[in-house]
Amino acid sequence: MTKSLLSVLNGDRQPTPPIWMMRQAGRYLPEYRAVRAEAGSFLNLCFNPAKAAEVTLQPIKRFGFDGAILFSDILVVPHALGQHVTFEAGEGPRLDPIADREGLKRLGDDLDPAIVEPVYETVRQVKAGLPADVTLLGFCGAPWTVATYMIAGRGGEDQAAARLFAYRDSQGFGQLIDRLVEASVTYLLGQIRAGVDAVQIFDTWAGVLPAPEFRRWCVEPVARIIAGVKQAAPSVPVIVFPKGAGFRLKMTVDHAGADAVGLDWTADADFVRREIQPKVAVQGNIDPLALLAGGDALDRAIDQALSDYAGGRYVFNLGHGILPPTPIGHVERMIERVRGWRP
Ligand code: 1CP
């Protein structure tokens, strides 16, 4: 049986674009909230393979998406390098911030197997329960995005702490990035050995950097991760999502070695069709707020994305994660419209 999402990532066009959603296992689903409540904390859920596999499969069972994404978090990597991570209800992640080069000494050299093994076990359990035509995606955060949380100790709007660290001590910052490149290759290869079909690298905060820093801290580290993954697993496609990259997406496509790129909802369609889609598959890019709003706004956004991109190699998705208050009916309508689409 063909996996249509995997075939697009490998360079084919599908007449009906495959569809999945970033953050498709999450709080907008009552069945997710139920398992999340049983698990206690968010990290308990991430490190409980049976429960994490169950929530990974929930959106596949409910909606029949073409892709399942491992349920975990990008901050598992700093956690497994020895930086304590917690998730406060309603407030997001909290880490013990790394203030300077001295702080890097607190990190271990390797991922703690006791922390990453349950994630690989989740992959094996998902694989066992997944329909044969559904593509299983693993993931990690890009070094830049993960570093912003490690340095600030929390999420934020402008990533000021990491930008300042990188300007003040670019060598020290480079050491942190190097550590994350190495850990990310190990982590992705662990997921691949456990059975994922493809991987996505999330660079949620790529959009805040000036061009030279975007090249140095976003594109180059991601290129090194992809090279490391491809060396050991040459047939596994890699998607890169540099959110907010705009026209710099071309830098990612020309230098990172990705098989596909994620688009956020601000992407310029003419530019993407001319400069990006001839080289790699594209994925995206419905505004999560259009999905939340529903109605005509959602229909228009879906039709626009299909007419913009479905003539080429295209994976239908959102431009960022689904928002918790999104009605399930809007997701059902989106899937029906995409699957019923004829050019
Ligand atoms: O209580 C809960 O249920 C917490 C909500 C939640 C969920 C469902 C968090 C906390 N993480 C996740 C799962 C998650 N995170 C997945 C699972 C697979 C899926 O997509 O369904 C993935 C791929 C991520 C990736 C992730 N985590 C990113 C990159 C993508 C993105 O959305 O930008 C980032 C930046 C994080 C950090 C994170 N984890 C959780 C929160 C609330 C945040 C954002 C913190 C912030 O900056 O405000």
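Me: What makes threonine 204 a polar contact of the ligand?

Reply: This is a predicted model, and in it a side-chain N or O atom of threonine 204 sits 2.7 Å from an oxygen atom of the ligand. A polar contact is a pair of N or O atoms within 3.5 Å, so this pair counts.

Me: Which distance puts tyrosine 149 in that group too?

Reply: For tyrosine 149, a side-chain N or O atom is 2.5 Å from a ligand oxygen atom. Tyrosine 32 also has a polar side-chain atom 2.5 Å from an oxygen atom of the ligand. Since the cut-off is 3.5 Å, both tyrosines pass.

Me: How much of the ligand does the protein cover?

Reply: On its own the ligand has 900 Å² of accessible area, and the protein covers 87% of that. Around the ligand there are 22 residues, and the closest are Arg23, Tyr32, Arg36, Tyr149 and His320.

Me: What is there to say about the backbone of arginine 23?

Reply: Arginine 23 has a positive phi of about 60°, though it isn't a glycine. You'll find arginine 23 in the loop between helix 1 (4-9) and helix 2 (30-39).

Me: Why are helix 8 and helix 9 called oblique to each other?

Reply: Their axes cross at roughly 120°. Roughly perpendicular ends at 115 degrees and roughly antiparallel starts over 145, so this angle falls in between and the pair is oblique. The axes of helix 8 (residues 160-168) and helix 9 (residues 170-194) come within 5 Å.

Me: Which residues meet there?

Reply: Ala162, Phe165, Ala166 and Arg168 of helix 8 meet Ser170, Gly172 and Phe173 of helix 9. By type, the contact has four nonpolar residues, two polar and one charged.

Conventions. Residues are numbered from 1 along each chain as its sequence is written. This is a predicted model: local features need pLDDT of at least 70, side-chain atom pairs count only at pLDDT 80 or more; totals for chains, interfaces and linings use all residues. Side-chain values use heavy atoms; hydrogens and water are left out. Axes are lines fitted to C-alpha atoms, for helices over the stretch in contact, and angles run from 0 to 180 degrees between N-to-C directions. Helices (H or I, at least four residues) and strands (E, at least two) are DSSP runs, numbered from the N terminus. Angles under 35 degrees count as roughly parallel, over 145 as roughly antiparallel, 65 to 115 as roughly perpendicular and the rest as oblique. Contact means heavy atoms within 4.5 Å. Ala, Val, Leu, Ile, Met, Phe, Trp, Tyr, Cys and Pro count as nonpolar, Asp, Glu, Lys and Arg as charged, and the others, Gly among them, as polar. A residue is near a molecule or strand if one of its heavy atoms lies within 4 Å of it. A polar contact is a pair of N or O atoms within 3.5 Å; within protein, one must be able to donate a hydrogen and the other to accept it, and residues adjacent in sequence count only if both atoms are side-chain atoms. Accessible areas come from the Shrake-Rupley method with a 1.4 Å probe; for residues, only the protein chains shown count as cover.
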